[in-house]
Amino acid sequence: MTQDSISSPMDAPMLDGRLRLDPKALDNIRSFQLHGESDLLDQILLLFIEQVPLRLTELQAACAAGNGPVMAGLAHNLRGSAANLGAHRMETIAAWIERQTYRREGESALGALAPALLQALEKQIGELQKEFEQVKLELGRAKLGGRRP
C-alpha cells in the first residue's frame, strides 16, 4: 500500500473564506418550492441536521468493526446529502472515506489492512464530524441573522 492510497483528502476551500454552504445549491433547492406548500428548504435542512449525526455514529461503528462495505455505503449517503446542500468540504471528506473503503469492499474486514489506513479513516470521520458542526453553526447564524442560508 502506498502512502498516496491513505493520504488525507485535500481541504476543499470555503466559498468566500467564510461560507461552508454554497448559496447556489440552496437556491437550486428553493427553485423546487411549490407555492402554498411548507418550506422545502427548511424540511431538507431539518432532515439533514437530524440524520447526519446518526450516519456519523453508524460510520464510526462500522470503522471500529472494520466493515468496509457499510462504511462505503454510509460515506456515499453523507457525500450525497452534503453535495445537495453545497457543503463541499463535507462532500470532499465523505468522498475520500467512500473511495478508501469502496476499494476494499471485497475484503472481509478493514482491520486486516494496514493500521495507517484505519488511523486515516478514523481521523477523517472526526474531520467530517467537525465540518458538520460548522455547517450547523452557519445554518444557525443565517436563521438568527434573519437571512436564509
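What share of the contacts in the protein chain with a separation of 6 or more comes from residues 24 or more positions apart? In this predicted model, the share is 70%. The elements behind this picture are quickly listed: the protein chain has 5 helices and 0 strands, so that, reading from the N terminus, the order is simply α-α-α-α-α. Of the 149 residues in the protein chain, 40% are buried.

Next comes the inside of the fold. In soluble globular proteins, nonpolar side chains tend to be buried together. Here, the largest nonpolar core holds 31 residues, and the members that touch the most others are L59, M71, M90, I97 and L128. Two or more residues of this core come from each of helix 1 (23–30), helix 2 (40–65), helix 3 (68–85), helix 4 (88–102) and helix 5 (115–144).

How do the helices sit against one another? Two packed helices are described by the angle between their axes and the distance between the axes. Take helix 1 and helix 2: their axes come within 8 Å and cross at roughly 120 degrees. An angle like that makes helix 1 oblique to helix 2, and the crossing as helix 1 passes helix 2 is right-handed. On the helix 1 side, the residues involved are L26, I29 and R30, and they meet L40, L41 and I44 of helix 2. Sorted by class, this contact comprises 5 nonpolar residues, no polar ones and 1 charged one.

Helix 2 also packs against helix 3. Here the axes come within 10 Å, and the crossing angle is roughly 155 degrees. Angles over 145 degrees count as roughly antiparallel, and helix 2 and helix 3 therefore fall into that group. Their crossing is left-handed. From helix 2, the contact draws on I44, L45, F48, V52, R55, L56, E58, L59, A62 and C63, while helix 3 supplies V70, M71, L74, A75, N77, L78, S81, A82 and L85. In terms of class, there are 15 nonpolar, 2 polar and 2 charged residues in the contact of helix 2 with helix 3. Two names here may look familiar: L59 and M71 are also among the core members with the most partners.

Moving along the chain, helix 3 meets helix 4 with the axes 8 Å apart and an angle of about 160 degrees. Helix 3 and helix 4 are therefore roughly antiparallel to each other, and the way helix 3 passes helix 4 is left-handed. Helix 3 brings G68, M71, A72, A75, H76, L78, R79, A82 and A83 to this meeting, and helix 4 answers with M90, E91, A94, A95, I97, E98, T101 and Y102. Counted by class, the contact of helix 3 with helix 4 contains 11 nonpolar, 3 polar and 3 charged residues. M71 turns up on the helix 3 side, with M90 and I97 on the helix 4 side; M71, M90 and I97 are likewise among the residues touching the most other members of the core.

One residue of helix 5 deserves a look of its own, namely L118. Is L118 buried or exposed? The cut-off for buried is under 20% relative accessible area, so L118, at 18% relative accessibility, counts as buried. The C-alpha atom of L118 lies 7.5 Å from that of C63, although 55 residues along the chain separate L118 and C63. C63 is itself one of the helix 2 residues in the contact with helix 3.

Terms used
Residues are numbered from 1 along each chain as its sequence is written. This is a predicted model: local features need pLDDT of at least 70, side-chain atom pairs count only at pLDDT 80 or more; totals for chains, interfaces and linings use all residues. Side-chain values use heavy atoms; hydrogens and water are left out. A nonpolar core is a set of buried Ala, Val, Leu, Ile, Met, Phe, Trp, Tyr and Cys residues joined through side-chain atoms within 4.5 Å. Buried means under 20% relative accessible area, exposed over 50%, partly exposed in between (1.4 Å probe, protein chains only). Helices (H or I, at least four residues) and strands (E, at least two) are DSSP runs, numbered from the N terminus. Axes are lines fitted to C-alpha atoms, for helices over the stretch in contact, and angles run from 0 to 180 degrees between N-to-C directions. Angles under 35 degrees count as roughly parallel, over 145 as roughly antiparallel, 65 to 115 as roughly perpendicular and the rest as oblique. A crossing is left-handed if the near helix is turned anticlockwise from the far one by less than a right angle, and right-handed if clockwise. Contact means heavy atoms within 4.5 Å. Ala, Val, Leu, Ile, Met, Phe, Trp, Tyr, Cys and Pro count as nonpolar, Asp, Glu, Lys and Arg as charged, and the others, Gly among them, as polar.
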